[in-house]
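Thanks for sharing this one. Here are a few notes to read alongside the coordinates, starting with a loop and ending with the whole chain.

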Amino acid sequence: MVVLQLSGPAPVNLQAKFSILELAHGSRKHLTTLSSFSLPSLFISNSQQPRHPISSFPPVNESVAAIVFGDGSESRLYPLTKRRSEGAIPIGAKYRIVDAVISNCINSNINKIYALTQYNSTSLNSHLSRAYTGLGLGKDGFVEVIAAYQSLEDQGWFQGTADAIRRCLWVLEEYQVSEFLVLPGHHLYRMDYQKLVDAHRRSQADITIAALNSTRDQDPGFGTLKVNSLNEVAEFHVKSEREPMIVPSVQGVQASNDNSYRKLSSMGIYLVNRDVMTKLLNEYFPQANEFGTEVIPGAISTGMKVQAYAFDGYWEDMRSIAAFYEANMECIKGLNMGYNFYDKDAPLYTTPRYLPPTTITGAVITDSVVGDGCILNRCKIKGTVVGMRTTIGEKAIIEDSVIMGSDIYQKDYIQKSGKEGMAIPIGIGEDTHIKKAIIDKNARIGRNVMVCTI
């Protein structure tokens, strides 16, 4: 498979400093140190009565706030992440990957959504601001972007997910919610988070981890859970480049007589009680940088009640270019395969663009998805996802590919040759053949070009 990327600046090193994105107005509030507490009385209860009965909780739109991370490692989907974060990568002809997670929140009646961004976040910040402003999230609903920032108290950038949440608690605690829902913003799946919240509250858990019903090869940072018959997390395995780390929990010791253990793959989704989140980040692990690999194992080791919530639907963590390609290809194979972009009961939201219908002139199109505002001239398209504003010239052949489209329309320049060089407009030129490739946005491909796998 070929990935065609526009030329541009050199890749950014993961260890490099990130661009400055200041928070608008407001000073940092000092976090209040909470009084000491007894672990057994707070986290472990033998009572059959819930500490907070389900009926006493207000609806999730009042009691749960989502924290979405749109940033991912640049190495997994590079070069598609050369100029954008993983959550901002186009998918399915008109969407961005982050739309799936934000739409899950909206469809689950969670309307307080904070997006914490840092790495290559310009495109993502712009998309979130345009797509979800005034979407109808209710009186107190919002999607608020909190970009990485420096202050007098914190001179460095976000060092990881835990560090980012800790430094933004003064914003996150603005509303008196009961739980925080921590979500990676670069995964493709559909989940009703209300069921996760209900399971969390019924089990009287301090933390609930969403996990796949079976283990699979995935992002090593999420880890593997070993759970007992009560869905209590007995062990947490975090894969690393060296050796796996195994963290036993108090529940694991107490449940040693229970032989019905099973292993689940963590999805990197965590529902955490508000007071527990504050204590973990500010008191127990004030130096921890990563939520999944440091804070969660630490919480288990201290004896907090950590539950697993099994999920058996479609889920893709975009762990590679091949996975991203297959996720796009599955959307044209049928409604029962992969992610369903056509679910009327749980719609996928994105930026309203008000583009004209696609113009098709003598083109032959089979088994494909075509976005709005395309201009297709006497070409052949088969098994392809064609993004918005794509222009394809006559006699061009596109097969089994992902064309991300364009941000603008250009005039029909005439291809030049010789010493003057070439002026090639955005789009795909005449007599060009593209097969099993990913063409990034705003790519310029002239006439008589061959882009195919070897």
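1. Where does Asp71 lie? You will find Asp71 in the loop that runs between S2 and helix H3 (74-77). Please keep in mind throughout that this is a predicted model.

2. Do have a look at the surroundings of that loop residue. Leaving aside residues up to four places away in sequence, Asp71 touches Ser85, Leu116, Thr117, Gln118, Tyr119, Leu124 and His186. Gln118 is a nice one to pick out: 47 residues separate Asp71 from Gln118 in sequence, while their C-alpha atoms are 6.6 Å apart in space.

3. Next, the strand that precedes this loop. S2 (residues 64-69) pairs with strand S7 in the parallel sense, and six bridges join the two. As a landmark for your viewer, Ala66 stands opposite Leu181 in S7.

4. S7 has another partner too. With strand S13 (residues 262-273), S7 pairs in the antiparallel sense over four bridges. Here a useful landmark is Phe180, whose bridge partner in S13 is Val272.

5. How many residues of S7 (residues 179-184) are buried? Six of its six are, and the strand is mostly covered. In a regular strand, side chains alternate between the two faces of the sheet. In S7 both faces are covered: one side carries Glu179, Leu181 and Leu183, the other Phe180, Val182 and Pro184, and all of these are buried. I would pause at Glu179, a charged residue that is buried in this strand.

6. Now for a helix pair. The axes of helix H6 (residues 161-172) and helix H10 (residues 291-301) come within 8 Å and cross at roughly 75°. Angles of 65 to 115 degrees count as roughly perpendicular, and H6 and H10 are therefore roughly perpendicular to each other. H6 brings Thr161, Ala162 and Ile165 to the contact, and H10 brings Phe291, Gly292 and Val295. Sorted by class, the contact of H6 with H10 has four nonpolar residues, two polar ones and no charged ones.

7. Finally, the protein as a whole. Its secondary structure comes to 11 helices and 29 strands. Of the 454 residues, 51% are buried. Among contacts with a separation of 6 or more, 70% are between residues 24 or more positions apart. The protein exposes about 21300 Å², and carbon and sulfur atoms supply 50% of that area.

Technical notes. Residues numbered from 1 in each chain as written. Predicted model: local features only at pLDDT ≥ 70, side-chain atom pairs only at ≥ 80, totals over all residues. Heavy atoms only, no water. Buried < 20%, exposed > 50% of the residue type's maximum accessible area, 1.4 Å probe, protein only. Pairing = 2+ DSSP bridges. Contact = heavy atoms within 4.5 Å. Areas by Shrake-Rupley, 256 points an atom, 1.4 Å probe, with all protein chains shown as cover. Axes fitted to C-alpha atoms, helices over the stretch in contact; angles between N-to-C directions. Parallel < 35°, antiparallel > 145°, perpendicular 65-115°, else oblique.
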